[in-house]
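The exercises below concern the packing of helices in a single protein chain. Please examine the sequence and the structure before working through them.

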Amino acid sequence: MPDSFCAKPGNSPSSTRIRASLATAPDNAGAWNNLGNVLLAAGRGDEAVQAYEAGVAAAPLHPGAAHALNNLSSVQRKQGRPLDAEATCRRALALKPEFGD
């Protein structure tokens, strides 16, 4: 697990539980996606991006990777990175075409 995900002031009980889960199953893309969502909600966008990217890298074909890519594309768009957001969104759609509905 990247050092940036170690205990920091303000970590929520949810993020602590997710990190504990990732310590035993680091290839769980869904857990990485959940961690990204918790971090994003806490205003820690850069760390959320790292979590989403870690989930995709750990298990690129896992269904959770599609969700992580979808969430990552939303963050990239909000960060003013439309080309990255579009490419990431296309990757999510390739894994889960129903996202296009």
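Five exercises follow, each with a worked solution, and the model they use is a predicted one.

**Exercise 1. Helices α1 and α2**

Task: Determine how α1 and α2 are oriented relative to each other, and which residues form their contact.

Solution.
- Step 1: The axes of α1 and α2 come within 10 Å, and they cross at roughly 155°.
- Step 2: Angles over 145 degrees count as roughly antiparallel. The two helices α1 and α2 are therefore roughly antiparallel to each other.
- Step 3: The crossing of α1 and α2 is left-handed.
- Step 4: On the α1 side, the contact involves S14, S15, I18, R19, S21 and L22, which meet A31, W32, N34, L35, V38 and L39 of α2.
- Step 5: Sorted by class, the residues of this contact comprise 7 nonpolar, 4 polar and 1 charged.

**Exercise 2. Helices α2 and α4**

Task: Classify the packing of α2 against α4 and describe the residues of the contact.

Solution.
- Step 1: Helix α2 covers residues 29-41 and helix α4 covers residues 63-78; their axes are 7 Å apart and form an angle of about 25°.
- Step 2: Because angles under 35 degrees count as roughly parallel, α2 is roughly parallel to α4.
- Step 3: The handedness of the crossing of α2 and α4 is left-handed.
- Step 4: Helix α2 contributes A29, G30, N33, N37 and L40 to the contact, while α4 contributes G64, A65, H67, A68, N71 and V75.
- Step 5: The contact of α2 with α4 contains 5 nonpolar and 6 polar residues, and no charged ones.
- Step 6: One participant, N33, can be followed individually. N33 belongs to helix α2 and is buried, with a relative accessible area of 7%. Beyond residues up to four places away in sequence, N33 touches Y52, G64, H67, A68 and N71.

**Exercise 3. Helices α4 and α5**

Task: Establish the relative direction of α4 and α5 and the make-up of their contact.

Solution.
- Step 1: Helix α5 spans residues 82-95, and its axis comes within 8 Å of that of α4, with a crossing at roughly 160°.
- Step 2: This angle makes α4 roughly antiparallel to α5.
- Step 3: Helices α4 and α5 also cross in a left-handed sense.
- Step 4: From α4, the contact draws on A65, A66, L69, N70, L72, S73, Q76 and R77; from α5, it draws on D84, A85, T88, C89, R91, A92 and L95.
- Step 5: The residues in the contact of α4 with α5 fall into 8 nonpolar, 4 polar and 3 charged.

**Exercise 4. The largest nonpolar core**

Task: Identify the residues that touch the most other members of the largest nonpolar core, and the elements that supply this core.

Solution.
- Step 1: In soluble globular proteins, nonpolar side chains tend to be buried together.
- Step 2: The largest nonpolar core has 20 residues, of which L22, W32, L35 and Y52 touch the most other members.
- Step 3: The elements giving two or more residues to this core are α1 (13-24), α2, α3 (45-58) and α4.
- Step 4: Helix α3 provides the largest share of this core, with 6 residues.
- Step 5: Setting aside residues up to four places away in sequence, Y52 touches W32, N33, G36, N37, L40, A68, N71, L72 and V75.

**Exercise 5. Burial and separation of three residues**

Task: Decide whether G55, N11 and G100 are buried, partly exposed or exposed, then compare separation along the chain with separation in space for each.

Solution.
- Step 1: G55 lies in helix α3. Its relative accessibility is 0%, so G55 counts as buried.
- Step 2: G55 and W32 are 23 residues apart along the chain, with their C-alpha atoms separated by 4.8 Å. Apart from neighbours within four places in sequence, G55 is in contact with A29 and W32.
- Step 3: N11 is located in the segment before α1 and is partly exposed, with a relative accessible area of 22%.
- Step 4: The C-alpha atoms of N11 and A42 are separated by 8.6 Å, and these residues are 31 residues apart along the chain.
- Step 5: G100 is situated in the segment after α5 and is exposed, with a relative accessible area of 56%.
- Step 6: From G100 to L72, the C-alpha to C-alpha distance is 16 Å, and the two are 28 residues apart in sequence.

Key
Residues are numbered from 1 along each chain as its sequence is written. This is a predicted model: local features need pLDDT of at least 70, side-chain atom pairs count only at pLDDT 80 or more; totals for chains, interfaces and linings use all residues. Side-chain values use heavy atoms; hydrogens and water are left out. Axes are lines fitted to C-alpha atoms, for helices over the stretch in contact, and angles run from 0 to 180 degrees between N-to-C directions. Helices (H or I, at least four residues) and strands (E, at least two) are DSSP runs, numbered from the N terminus. Angles under 35 degrees count as roughly parallel, over 145 as roughly antiparallel, 65 to 115 as roughly perpendicular and the rest as oblique. A crossing is left-handed if the near helix is turned anticlockwise from the far one by less than a right angle, and right-handed if clockwise. Contact means heavy atoms within 4.5 Å. Ala, Val, Leu, Ile, Met, Phe, Trp, Tyr, Cys and Pro count as nonpolar, Asp, Glu, Lys and Arg as charged, and the others, Gly among them, as polar. A nonpolar core is a set of buried Ala, Val, Leu, Ile, Met, Phe, Trp, Tyr and Cys residues joined through side-chain atoms within 4.5 Å. Buried means under 20% relative accessible area, exposed over 50%, partly exposed in between (1.4 Å probe, protein chains only).
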